[in-house]
Amino acid sequence: MINKSALNIITEFLKPFHTSLIAVTKAHPVEVLQEAYDFGLNVFGENKVQELVAKAEVLPKDIQWHLIGHLQSNKVKYIAPFIHMIHSVDSFKLLQEINKEAKKNDRIIRCLLQVYIANEDTKFGLDQKELLAILTHPELEQLEHIQIKGLMGMATNTNDKAQIRKEFHGLRELFHTLSRTITKKNIQWSEISMGMTSDYEIAAEEGSTMVRIGSAIFGSR
Ligand SMILES: *Cc1c(COP(=O)(O)O)cnc(C)c1O
């Protein structure tokens with residue numbers, strides 16, 4: 001069951017910000033995704049490769065699949081034929097692997113670099129030094145089958161709204177600095193993926209271009 005009134009509230013809220021919605025369907029069965037699709041949603045986010053692939057196999061082919069969870073290099077091959085965007089890139093080695101598999105499939109795969117912005121130890125992501133090392137890597141431009149589209153980040157899991165706003169604001173500032181200073185053939189600075197059920201309003205206000213929302217639409221997992 002999808003919560004249509006919540007979905008309505010979210011889409012209305014996002015409209016003036018031109019922020020797009022990724023419906024996070026992890027841990028929900030394909031029947032729920034089919035219902036969401038029939039209701040008009042076709043941009044889905046999953047955090048596990050196996051689950052994403054299994055769902056993509058049985059659902060309509062015009063769904064845009066976003067991988068939002070940690071990705072191991074040895075699993076890239078399973079999603080490379082069809083994935084729309086990978087939000088969780090956190091190493092140059094992973095970019096090389098994505099490039100290799102994208103090439104085999106004659107595709108260019110959109111990637112976001114996941115940046116660590118939270119004030120806790122539990123979240124994946126690059127610190128600024130690691131991020132810059134990837135963006136200035138001498139071999140980056142040789143990866144012709146990837147397209148870096150921007151950054152992804154997750155705020156601290158806290159009720160402190162000022163803290164969350166500060167973290168999202170920092171990610172947006174970082175994005176702006178990079179977009180003014182780093183120009184490469186396979187980078188197009190267009191997306192900031194930030195915001196989930198608990199903090200999407202703040203994220204949109206701070207310049208998010210895509211929010212990833214699960215439980216508000218599909219209930220708790
Ligand atoms: C699960 C998940 C979300 C969605 O979380 P909700 O609180 O259910 O909206 C967003 N981003 C990532 C990376 C996730 O793993």
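**Briefing: surface, fold and cores of a predicted chain**

The accessible surface of the chain comes to about 10,800 Å², and 50% of that area belongs to carbon and sulfur atoms, with areas taken by the Shrake-Rupley method using a 1.4 Å probe. The model is a predicted one, in which local features need pLDDT of at least 70 and side-chain atom pairs count only at pLDDT 80 or more, while totals for chains, interfaces and linings use all residues. Residues are numbered from 1 along each chain as its sequence is written, and side-chain values use heavy atoms, leaving out hydrogens and water.

**Fold and burial**
- Nine helices and eight strands make up the secondary structure of the chain, counted as DSSP runs of at least four residues (H or I) for helices and at least two (E) for strands.
- Of the 221 residues, 51% count as buried, meaning under 20% relative accessible area with a 1.4 Å probe and protein chains only.
- Among contacts (heavy atoms within 4.5 Å) between residues at least 6 apart in sequence, 60% join residues at least 24 apart.

**Nonpolar cores**
- The largest nonpolar core, a set of buried Ala, Val, Leu, Ile, Met, Phe, Trp, Tyr and Cys residues joined through side-chain atoms within 4.5 Å, has 66 residues, of which L95, I98 and L151 touch the most other members.
- Helix α7 (residues 161–181) gives the most to this core, contributing six residues.
- A second, separate core of six residues has I22, V43, M85 and L112 among its members.
- Not counting residues up to four places away in sequence, L151 touches several residues, including L112, L171, F175 and W189.

Key. Buried < 20%, exposed > 50% of the residue type's maximum accessible area, 1.4 Å probe, protein only.
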